[in-house]
Amino acid sequence: MGGDGMSDSLIEMTNAQLHYKVGNSISAMMGLPSTVKAVDGVSLTLKRGESVGLLGESGCGKTSMGRVLVRLEQVTGGSARFDGKEIGQMKGAELQAFRSRSQMIFQNPFDAVNPRYSIRRTLEEPLSNAGIKRGEWHDRVIAALELVGLGDPEQFLERFPHQLSGGQLQRVVMARALILEPEFVVADEPVSMLDVSVRAGVLNVFRDVRDRLGLTAIYISHDLALVRYVCERTIVMYLGRIMEDGPTEDIVHAPLHPYTQALVAAVPTPHVDQSHAPLPIGAGAPDPRNPPSGCVFRDRCPLVQDRCASDIPQPRKIGTRLVACHFAGS
Ligand SMILES: Nc1ncnc2c1ncn2[C@@H]1O[C@H](COP(=O)(O)OP(=O)(O)O)[C@@H](O)[C@H]1O
Ligand SMILES: [Mg+2]
């Protein structure tokens with residue numbers, strides 16, 4: 001099933017953009033911006049089997065990036081490729097195969113499932129859509145439920161989402177994402193809506209399944225402690241752009257970008273259930289309809305200088321990291 005030449009990278013984004021159209025004729029007359037630059041000039045490569053945390057505050061474009069990579073959205077500029085093929089240009093059998101090969105686990109399990117579908121039907125639906133023979137469905141549903149640690153799976157089949165706990169339902173959502181044996185999974189804050197007491201269990205299942213199946217994965221979170229628990233590599237995003245990219249432990253112990261430094265300073269200990277201090281750089285991210293010129297981080301940045309208003313910092317290599325800042329590391 002490999003792509004052209006079977007390179008060792010599975011995902012490649014090159015200057016990718018996702019600009020949402022917003023507003024109406026009245027807001028346009030008032031001179032308000034007509035786009036939100038949710039993803040704005042992102043370049044990255046994910047190797048097969050690699051697992052990357054996508055970290056940043058709410059609104060910085062993490063979910064949008066994930067949606068591009070499973071083709072729930074299409075780039076409005078630049079390129080996003082899966083196994084060598086432009087994701088937005090796939091059609092027919094290739095698109096159908098892609099729909100199985102690449103999956104997203106959504107943030108809120110109660111929104112992610114149809115409340116009127118039994119667990120059995122929830123899990124059979126992707127099998128049916130993918131054209132899997134009916135005779136195989138039962139065994140595959142049971143295997144998927146076992147895979148995500150729902151022991152005694154038969155007891156769940158005829159139950160409905162509201163009869164499950166949040167943690168159980170998120171495992172079902174994970175089972176549904178995995179039932180077609182994908183190669184690539186985007187997990188979008190999969191534990192943020194769950195009770196603290198069940199988070200570790202769901203995270204462990206995610207890690208375990210990912211490693212056993214050799215998945216390529218993106219784990220989205222606003223929480224560095226969670227990303228650290230799950231991923232060896234971390235990409236830090238701010239207002240649609242990548243600020244820093246490198247090994248998670250290096251980022252935790254010696255963050256280079258001033259934004260990453262603020263995120264790290266706000267995490268007191270690496271515990272999954274730890275509450276967080278406010279960021280030491282003041283209030284939340286500015287409006288992505290109207291990002292600052294030059295470096296998008298400059299109006300919260302302790303290192304800011306004149307140049308930051310005019311020159312967009314391009315990612316540059318510093319040690320093990322790529323860092324998009326004119327002054328970091330100097
Ligand atoms: N469908 C949409 N239409 C318009 N704006 C959107 C849409 N989805 C997200 N946005 C905006 O894009 C920006 C990035 O959102 P999102 O990708 O959800 O960020 P994150 O997942 O990091 O919180 C936000 O400003 C958000 O309001
Ligand atoms: Mg999100």
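**Packing in the predicted model**

Leaving aside neighbours within four places in sequence, Leu-145 touches Ile-119, Leu-123, Leu-150, Pro-153, Leu-157, Val-172 and Ala-175. This is a predicted model, and Leu-145 is a handy place to start looking around inside it. Together with Phe-206 and Tyr-219, Leu-145 touches the most other members of the largest nonpolar core, a group of 67 residues. Helix α7, spanning residues 166-178, gives the most to this core, with seven residues. There is also a second, separate core of 30 residues, and Leu-10, Ala-80, Ile-87 and Ile-242 are among its members.

Two of the contacts of Leu-145, namely Ile-119 and Leu-123, bring helix α5 into the picture. In α5 (residues 119-129), the buried residues are Ile-119, Thr-122, Leu-123, Glu-124, Pro-126 and Leu-127. A bit of helix geometry helps in reading such a list: an α-helix has 3.6 residues a turn, so residues three or four places apart point the same way. The buried residues of α5 pack against α6 (134-147) and α7. Just after α5 comes Gly-131, with a positive phi of about 80°.

Next comes the sheet. Strands of a sheet pair through backbone hydrogen bonds, either parallel or antiparallel. Here, eight strands make up an open sheet with mixed pairing, and reading across it gives the order β6-β7-β8-β3-β9-β10-β12-β11. At the edges sit β6 and β11 (316-318), each of which pairs on one side only. On average, neighbouring strands of this sheet are turned by 20° against each other, direction ignored.

What do the two edges look like up close? At one edge, β6 pairs with β7 in the parallel sense over four bridges, and Ser-102 stands opposite Phe-184 in β7. Both faces of β6 are covered: Ser-102 and Met-104 are buried on one side, and Gln-103 and Ile-105 are buried on the other. At the other edge, β11 runs antiparallel to β12 (residues 321-323), and three bridges join the two. There, Ile-318 stands opposite Arg-321 in β12.

Helix α3 lies across β6 and β7, running at about 40° to β6. Within α3 (residues 92-101), Leu-95, Phe-98, Ser-100 and Arg-101 are buried. The cover over these buried residues includes α2 (62-69), β4 (77-82), β6 (102-105) and β7 (184-188).

Then there are the aromatic rings. A pair of aromatic rings is described by the distance of the centres and the angle of the planes. Searching the whole structure turns up six aromatic pairs. In one of them, Phe-82 and Phe-98 have ring centres 5.0 Å apart and planes at 80°, so the pair counts as edge-to-face. With Phe-82 in strand β4 and Phe-98 in helix α3, this pair links distant parts of the chain, 16 residues apart. Phe-82 and Phe-98 are both buried. Another pair is made by Tyr-238 and Phe-297: the ring centres are 5.0 Å apart and the planes are at 85°, so this is edge-to-face too. Tyr-238 belongs to strand β9 (residues 233-238) and Phe-297 to the loop between α11 (258-265) and α12 (307-310), so the pair ties together parts 59 residues apart in sequence. Tyr-238 and Phe-297 are both buried as well.

Ring pairs also link Phe-82, Phe-98 and Phe-184 into a cluster. Finally, a ring can have a charge for company: the charged end of Arg-207 sits over the ring of Tyr-229, 4.2 Å from its centre.

Definitions and conventions
Residues numbered from 1 in each chain as written. Chains lettered and ligands numbered in written order. Predicted model: local features only at pLDDT ≥ 70, side-chain atom pairs only at ≥ 80, totals over all residues. Heavy atoms only, no water. Buried < 20%, exposed > 50% of the residue type's maximum accessible area, 1.4 Å probe, protein only. Contact = heavy atoms within 4.5 Å. Core = buried A, V, L, I, M, F, W, Y, C linked by side-chain atoms within 4.5 Å. Phe/Tyr/Trp six-rings, centres within 6.5 Å; stacked < 30°, edge-to-face > 60°. Lys NZ or Arg CZ within 6 Å of the ring centre and 35° of its normal. Pairing = 2+ DSSP bridges. Axes fitted to C-alpha atoms, helices over the stretch in contact; angles between N-to-C directions.
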